[in-house]
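User: Please take a close look at the largest pocket in this model. Where does it lie, what lines it, and what is found around it?

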Amino acid sequence: MTDTSAQRSGHAAAETNTSRSAELFSRAKQSIPGGASRSTVLTDPHPVYVAEGHGAWITDVEGRRLLDANNNYTSIILGHGDPTIDAAVRAQLERGTAYSMATTIEIELAELLCERVETMDQIRFCNSGTEAVMGAIKAARAFTGRPMIVKVEGSYHGTYDHAEASLDPDPSEWGVADAPTTIAYAAGTPASLSDEVGIIPFNDAVAAEAVIRGAGERCAAVLLDAMPSRVGMPAIEQSFIDAIVDTAREVGALVILDEVISFRLGSGGAQALLGLEPDLTCVAKIIGGGFPVGGVGGRSEVMSVFAKQGGQRAAVPSGGTFTANPVTMTAGLACMQALDSAAFSRLDELGERSRSGLRRAFDESDLEWQVHGRGSLFCIHPNRRTIRTFRDARHTSDEAVTMMRLHQGLLDRQVLLSNYGMGCWNLATSDDDIDLFIDAVVATAADIR
Ligand SMILES: Cc1ncc(COP(=O)(O)O)c(C=O)c1O
């Protein structure tokens, strides 16, 4: 897809402080601290403000068209403005957007998800992945009567205090590799966090066993993302999965699988592909069909903590004004119904084409870059070191600058990617789009080498 002269001039304006996005950012900083409510849109020198999106492409306020390799951080899976979701949502809008009453559409989406995910007898909805992880942690604490969780160093699970422990610790704070120090992410987090969260390195079975055993009878759950984006999406090793599941069972703790991103790998999620049987699963993103959503599902016995028992309030009360709202439930149901096995195969093909194409092109151009990922997901790294853990994946300061320049250089070549190399494809993406992406990444990497 080539750009028109109007797009090229918009594109030049985007690089200057006279661009519409630069003006909007100056204005935004007056009323929003930092200029945006969502820190991931804050790219240098200013966020790119969007005008509209259709299929695999977005247009920014300068009129520049961008191939979307980010897809709202993996939540868009059918494409922007998908007609099926659009029609279903429009029909619901005519009937109202929110009521203080239960809806049948919530039951239908719950039934679909419980049918697809083997380990999910029941599911309780909420409005974000952050809330889903928080709900799962609270459920595990209530079910086991224990205070502590264990999580992977560098793994992102949203912004709940315990879930964001050791999300991006500075190397000076890391501690030893096989027993990482628990580091609070937000200033002001109570110091008790270090007694309530144990940290394990990704893909280190021996360390995981030791830390979970150390937590022992205080451990309510081990929280795991099998494809952690901030750990660079290296393949999860079977010995690590076994160590977590076996040792959690041994000490009487639950396993919480965070499938907020990895649920886009297949109709039964990553767990079906990996043979993993968590007690609780967190889902979000794609299950809302483009609208804000989250959900915690799992075995009925554990999920019963969310239910009123004999007139008593639930062990873990949960709810919210917009929880399971009919617009989200409608969009989510339309989206999930469209995701049949042919759709997942096509998503796999798109991901494989981008990863294998990048690998070939990096080799042919002698670029010291690599790419990890699975299904429609990928993560690009500006180095060739072996990546198994967060400490391997964490960018040096030079690499962080390189990734920032990749992000900016890709915008100049009509591609939108996150500024840390993680991306994914939606179903409206064509093979030609993927080839454009590969050429753009390799040309940009060659420019900044
Ligand atoms: C693995 C994982 N868990 C949880 C979350 C939090 O989800 P949300 O942004 O919907 O709160 C994210 C968000 O990117 C995520 O990637």
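Analyst: What follows describes the largest pocket first and then the parts of the chain around it.

The model is predicted. The domain assignment divides the protein chain into domain 1 (5–77 + 341–448) and domain 2 (83–338). Taken over C-alpha atoms, the centres of domain 1 and domain 2 are 26 Å apart. Contacts between the two involve 31 residues of domain 1 and 35 residues of domain 2.

The largest pocket lies between these domains, because domain 1 and domain 2 both give residues to its lining. Its volume is about 1500 Å³. The lining is made up of 45 residues, and those nearest the centre of the pocket are Thr40, Tyr73, Tyr156, Arg230 and Tyr420. Two or more lining residues come from each of helix 3 (71–74), helix 6 (129–144), strand 12 (377–381), helix 14 (390–393) and helix 15 (397–412). By class, the lining of the largest pocket holds 20 nonpolar, 17 polar and eight charged residues.

Helix 3 deserves a separate note. Asparagine 72 is placed in helix 3, and its phi is positive, about 45°, although asparagine 72 is not a glycine. Most residues other than glycine have a negative phi. With a relative accessibility of 35%, asparagine 72 counts as partly exposed.

A second pocket can be set beside the first. The second largest pocket holds about 620 Å³ of space. It is lined by 27 residues, of which Val41, Val48, Val50, Ile58 and Leu416 are the closest to its centre. Strand 1 (50–54), strand 2 (57–60), strand 3 (65–68) and helix 3 each give two or more residues to this lining. Helix 3 thus appears in the lining of the largest pocket and in that of the second largest pocket. The lining of the second largest pocket divides into 12 nonpolar, 11 polar and four charged residues.

The loop between helix 2 (20–31) and strand 1 contains proline 45. The peptide bond from aspartate 44 to proline 45 is cis, with omega near -5°. Most peptide bonds are trans.

The nonpolar cores come next. The largest nonpolar core has 39 residues, and Val150, Ile200, Leu224, Ile236, Phe240 and Ile244 have the most contacts inside it. Among the elements that supply at least two residues of this core are strand 5 (148–152), helix 8 (205–215), strand 7 (219–224), helix 9 (238–251) and strand 12. Helix 9 gives the largest share, six residues. This core lies between domain 1 and domain 2, because both give residues to it. Strand 12 is an element of this core and of the lining of the largest pocket.

Isoleucine 244 shows what the packing in this core involves. With its neighbours within four places in sequence left aside, isoleucine 244 is in contact with Ile200, Ala208, Ile212, Val222, Leu224 and Val255. Apart from this core lies another of 31 residues, including Val89, Ile123, Ile287 and Val327.

One further backbone feature is found in the loop between helix 13 (341–364) and strand 11 (370–374), where aspartate 366 is placed. Aspartate 366 has a positive phi, near 55°, in a residue other than glycine. Its relative accessible area of 61% makes aspartate 366 exposed.

Terms used
Residues numbered from 1 in each chain as written. Predicted model: local features only at pLDDT ≥ 70, side-chain atom pairs only at ≥ 80, totals over all residues. Heavy atoms only, no water. 1 Å grid on protein atoms, 1.4 Å probe; cavity = no way out; pocket = protein on both sides within 12 Å on 5 of 7 lines; lining within 4 Å. Points joined across faces, edges and corners; volume = space filled by probe spheres on them. Helix = DSSP H or I, 4+ residues; strand = E, 2+ residues; numbered from the N terminus. Nonpolar A, V, L, I, M, F, W, Y, C, P; charged D, E, K, R; others polar. Domains from an automatic or database assignment. Core = buried A, V, L, I, M, F, W, Y, C linked by side-chain atoms within 4.5 Å. Buried < 20%, exposed > 50% of the residue type's maximum accessible area, 1.4 Å probe, protein only. Contact = heavy atoms within 4.5 Å.
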